[in-house]
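This briefing concerns a single protein model and is intended for reading alongside the sequence and coordinates. It is arranged by topic.

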Amino acid sequence: MLKELDLSTWKRKNQYAFFKKYDNPFFNTVAHVDATNLYNYTKKNNLSFFLSCLFLSLKTANSIFEFKLRIQDDKVLVCEKIDAGSTILNDDETFLFCYFNFHRDIKTFCEQGLATIEKQ
């Protein structure tokens with residue numbers, strides 16, 4: 001569900017007005033992350049490492065207001081919840097695309113994620 005943001009009271013309205021004129025107003029960042037503890041946790045709890053990483057990424061994105069913003073038809077919209085899509089490698093080295101609905105519990109998210117992959 002999307003809700004329109006009131007630009008008149010938004011503290012970042014000036015930055016939005018500046019960057020919205022760009023053809024591609026996006027940027028990326030990269031960081032090295034030590035995932036040893038997560039890897040050990042997934043093995044101990046029989047969880048998918050990939051889905052656990054995706055869960056933590058979505059949990060973080062859903063906790064940061066600015067990550068929940070989208071631009072549509074010159075309006076800034078706030079997502080109630082962020083879900084994800086990802087490519088999945090098949091056994092024959094082709095790939096498919098799956099959508100994963102965020103769930104606040106990692107075990108439930110991984111169970112639903114595995115079901116989504118199997119369904120595809």
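The points below cover the nonpolar cores, the pockets, the salt bridges and one exposed loop residue.

The model is predicted. Its largest nonpolar core holds 17 residues, and its largest pocket encloses about 1,000 Å³ of space. A search of the whole structure returns two salt bridges.

**Nonpolar cores**

- Within the 17-residue core, the members that touch the most other members are Leu51, Leu54, Leu58, Phe100 and Phe109.
- Two or more residues of this core come from each of helix 3 (49–63), strand 4 (84–89), strand 5 (95–100) and helix 4 (106–119).
- Helix 3 makes the greatest contribution to this core, supplying five residues.
- A second core, separate from the largest one, comprises six residues, including Leu5, Trp10, Tyr16 and Val78.
- Leaving aside residues up to four places away in sequence, Phe109 is in contact with Leu51, Leu54, Phe55 and Leu58, and also with Phe100, Asn101, Phe102 and His103.

**Largest pocket**

- The lining of the largest pocket consists of 19 residues. Those nearest the centre of the pocket are Pro25, Phe26, Phe27, Glu66 and Leu69.
- Helix 1 (13–19) and strand 2 (69–72) are the elements that each give two or more residues to this lining.
- By class, eleven of the lining residues are nonpolar, four are polar and four are charged.

**Second largest pocket**

- The second largest pocket contains about 170 Å³ of space.
- Its lining is formed by Leu54, Ser57, Leu58, Ala61, Phe67, Arg70, Ile82, Asp83 and Ala84.
- Helix 3 is the main contributor to this lining, with four residues.
- The lining of the second largest pocket comprises six nonpolar residues, one polar residue and two charged residues.
- Leu54 and Leu58 line this pocket, and both are also listed among the core residues that touch the most other members.

**Salt bridges**

- Side chains of opposite charge can pair when their charged atoms come close.
- Glu66 and Arg12 form one salt bridge, in which the closest N and O atoms are 3.9 Å apart. This separation falls within the 4 Å cut-off, so the pair counts as a salt bridge.
- The Glu66–Arg12 pair links distant parts of the chain, 54 residues apart. Glu66 lies in the loop between helix 3 and strand 2, whereas Arg12 lies in the loop between strand 1 (2–4) and helix 1.
- Glu66 has a relative accessibility of 27% and therefore counts as partly exposed. Arg12, with a relative accessible area of 37%, is likewise partly exposed.
- Glu66 is also one of the residues nearest the centre of the largest pocket.
- Asp83 and Lys81 form a salt bridge through their side chains, with an N to O distance of 3.2 Å.
- Asp83 is partly exposed at 33% relative accessible area, and Lys81 is partly exposed at 38%.
- Asp83 also belongs to the lining of the second largest pocket.

**An exposed loop residue**

- Asp91 is located in the loop between strand 4 and strand 5.
- The relative accessible area of Asp91 is 85%; because the threshold for exposed is over 50%, Asp91 is classed as exposed.
- Between Asp91 and Glu66, the C-alpha to C-alpha distance is 37 Å, and the two residues are 25 residues apart in sequence.

Terms used
Residues are numbered from 1 along each chain as its sequence is written. This is a predicted model: local features need pLDDT of at least 70, side-chain atom pairs count only at pLDDT 80 or more; totals for chains, interfaces and linings use all residues. Side-chain values use heavy atoms; hydrogens and water are left out. A nonpolar core is a set of buried Ala, Val, Leu, Ile, Met, Phe, Trp, Tyr and Cys residues joined through side-chain atoms within 4.5 Å. Buried means under 20% relative accessible area, exposed over 50%, partly exposed in between (1.4 Å probe, protein chains only). Contact means heavy atoms within 4.5 Å. On a 1 Å grid over the protein atoms alone, a cavity is a set of points where a 1.4 Å probe fits but cannot get out, and a pocket is an open set with protein on both sides within 12 Å along at least five of seven lines; lining residues have an atom within 4 Å of a point. Grid points are joined across faces, edges and corners, and a volume is the space filled by probe spheres set on the points. Ala, Val, Leu, Ile, Met, Phe, Trp, Tyr, Cys and Pro count as nonpolar, Asp, Glu, Lys and Arg as charged, and the others, Gly among them, as polar.
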